[in-house]
Amino acid sequence: MIIAVASGKGGTGKTTVSVNLALAFNQKEKLQFIDCDVEEPNAHIFVKPVFDSPETVSIPVPEINEGKCTYCGRCKEICVYNALAVLKENVLVFPELCHGCGGCAYFCPQEAIAEVPRGIGVMEKGTAKGSAFDIDFLHGRLTPGEAMSPPLINAVKNEIDSRKVAIIDAPPGTSCPVVAAVKESDFCLLVTEPTPFGLNDLDLAVQMLKKLDIPAGVIINRSDIGTNCVEDYCKQEGIPVLMHIPWDRELAELYAKGEAVVLHSAKWRDLFEKIWMRIFEVFDSEQLKTEKKEVDAG
Amino acid sequence: MKIAICSEGAGFDSAVDQRFGRCFHFVLVDSNGEKLEEISNPSLGASGGAGVQTAQFIADKGVDVVLAGNIGPKALATLNACNIKVYTGISGTVADALSQYQQDKLTLVTNSTVSQHFGLRGGGGGGRRGGNF
């Protein structure tokens with residue numbers, strides 16, 4: 001089972017929710033935590049895993065065999081990212097523009113293009129152990145200045161162990177990196193705040209999940225500010241609100257120290273354990289719906 | 001010899017365009033300053049790599065000299081690889097740019113004069129008609 005934690009808006013509390021959820025999971029050794037916010041991974045600050053040595057993650061970029069090349073220009077026609085320039089007696093490759101699709105090598109009539117790896121970041125794996133938890137922790141770190149995070153996100157997600165429950169901490173927004181992070185999840189928790197800004201971006205995230213056909217539940221953070229707009233929206237859209245997180249001094253103080261609140265407060269631990277129950281309830285009812293659809297269709 | 005001048009429109013009276021990769025037009029002239037051709041830039045709206053694509057386009061046109069406001073690193077690398085000379089610092093109209101070149105008032109560049117993505121930000125004096133950034 002894969003649970004993604006996402007939000008349209010940034011800074012709503014995705015990492016707070018995902019790390020506390022992970023640390024409140026009551027089946028020891030059955031949890032993987034995957035931080036897919038590879039541009040700014042930070043869940044490790046709260047989960048505190050011990051990492052093994054990092055592995056480089058690369059994308060394939062073209063290397064031209066000038067001996068075989070006839071300068072026909074097929075490769076630059078294929079490349080929509082303009083990563084190749086074919087001149088009279090010269091081919092220039094701009095690796096930083098290359099998305100690693102392999103089209104140039106595939107279509108080269110002379111087989112003059114080899115694909116060579118170019119590192120875009122690293123993946124780090126580790127384990128976080130405490131008296132009540134034992135978490136497989138993974139994250140990606142994109143090299144600053146790199147434009148494309150999805151290949152790194154996909155590499156980290158390839159490590160998902162289907163026998164475990166995986167929590168994915170997604171980047172904010174609704175574009176390619178978020179789609180890469182949440183796709184193939186069984187359930188997505190959307191963290192938002194009850195403000196017009198929060199609602200606007202929540203709606204974008206909901207639309208994205210509809211396209212990906214992933215069931216969602218909403219967590220309203222800073223629930224004692226703003227208006228009822230998010231509640232009303234969720235009612236209208238039929239999306240369950242799984243939790244309200246009010247402003248709380250204890251939570252904020254622990255957060256500021258890089259500590260997860262569930263490890264220090266029984267009250268918060270109970271609340272996050274309850275979310276797990278709600279997630280399983282919603283997940284089961286979605287499963288039933290899918291099965292019913294299949295029966296009806298059959 | 002073929003000279004390409006970055007411009008906002010066709011003709012000698014058009015203002016020069018400070019951008020290269022995302023400039024609107026090129027006015028091509030011969031060494032006597034006679035107009036050969038006016039072409040609009042097909043790479044104006046490229047999502048990325050406009051400099052590379054435009055440089056490739058100019059190279060394919062058989063151009064020997066480019067007169068530009070500014071030039072980015074990838075475009076310059078591509079033009080240099082074809083031995084195309086790039087002069088920067090043009091201002092005013094296309095006719096002005098041509099006389100600046102003929103009077104040797106421009107700078108022959110070997111290092112790019114702006115960082116990548118310059119043209120996406122509207123390009124200095126080139127007007128704010130480039131892509132939104």
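Here is a walk through the structure, starting with chain A as a whole and ending with a few single residues in both chains.

A word on the ground rules: this is a predicted model, so local features need pLDDT of at least 70 and side-chain atom pairs count only at pLDDT 80 or more, while totals for chains, interfaces and linings use all residues. Residues are numbered from 1 along each chain as its sequence is written, chains are lettered from A and ligands numbered from 1 in the order in which they are written, and side-chain values use heavy atoms, leaving out hydrogens and water.

Let's begin with chain A. Its C-alpha trace spans about 70 × 45 × 40 Å along the principal axes. Along the way you'll meet 10 helices and 12 strands; these are DSSP runs numbered from the N terminus, with helices being H or I of at least four residues and strands being E of at least two. The chain is assigned a domain 1 (2–54 + 121–297) and a domain 2 (66–111), with bounds that come from an automatic or database domain assignment. The C-alpha centres of domain 1 of chain A and domain 2 of chain A are 40 Å apart. Of the 298 residues in chain A, 52% are buried, where buried means under 20% relative accessible area, exposed over 50%, and partly exposed in between (1.4 Å probe, protein chains only).

Now for some helices. H1(A), residues 14–23, is mostly covered, with 10 of its 10 residues buried; among them are Lys14(A), Val17(A) and Leu21(A). At the other end of the numbering, H10(A) runs over residues 266–297, and its 32 residues reach 46 Å from first C-alpha to last, close to the 46 Å expected at 1.5 Å a residue (the expected span is 1.5 Å times one less than the number of residues). Its buried residues include Trp268(A), Phe272(A) and Trp276(A). At the start of H10(A), a side-chain oxygen of Ser265(A) comes within 3.4 Å of the backbone nitrogen of Lys267(A).

How do helices sit against each other? Two packed helices are described by the angle between their axes and the distance between the axes. Axes here are lines fitted to C-alpha atoms, for helices over the stretch in contact, and angles run from 0 to 180 degrees between N-to-C directions. In chain A, H7 (residues 196–212) and H8 (residues 229–237) pack at about 25°, with axes 9 Å apart. That makes H7(A) roughly parallel to H8(A), a label for angles under 35 degrees (over 145 is roughly antiparallel, 65 to 115 roughly perpendicular and the rest oblique).

Just past H7, Asp213(A) lies in the loop before strand S11 (216–221) of chain A. It has a positive phi of about 60° although it is not a glycine, and at 69% relative accessibility Asp213(A) counts as exposed. Glu184(A), in the loop between H6 (176–182) and S10 (187–192) of chain A, also has a positive phi, near 70°. Most residues other than glycine have a negative phi.

Over in chain B, H1 (residues 50–60) and H2 (residues 73–81) pack at about 25°, with axes 8 Å apart. That makes H1(B) roughly parallel to H2(B). Ser14(B), in the loop between S1 and S2 (25–30) of chain B, is buried at 13% relative accessibility. Its side chain reaches the backbone oxygen of Ala10(B) at 2.7 Å. Met1(B), by contrast, counts as partly exposed at 48%.

Definitions and conventions: A polar contact is a pair of N or O atoms within 3.5 Å; within protein, one must be able to donate a hydrogen and the other to accept it, and residues adjacent in sequence count only if both atoms are side-chain atoms.
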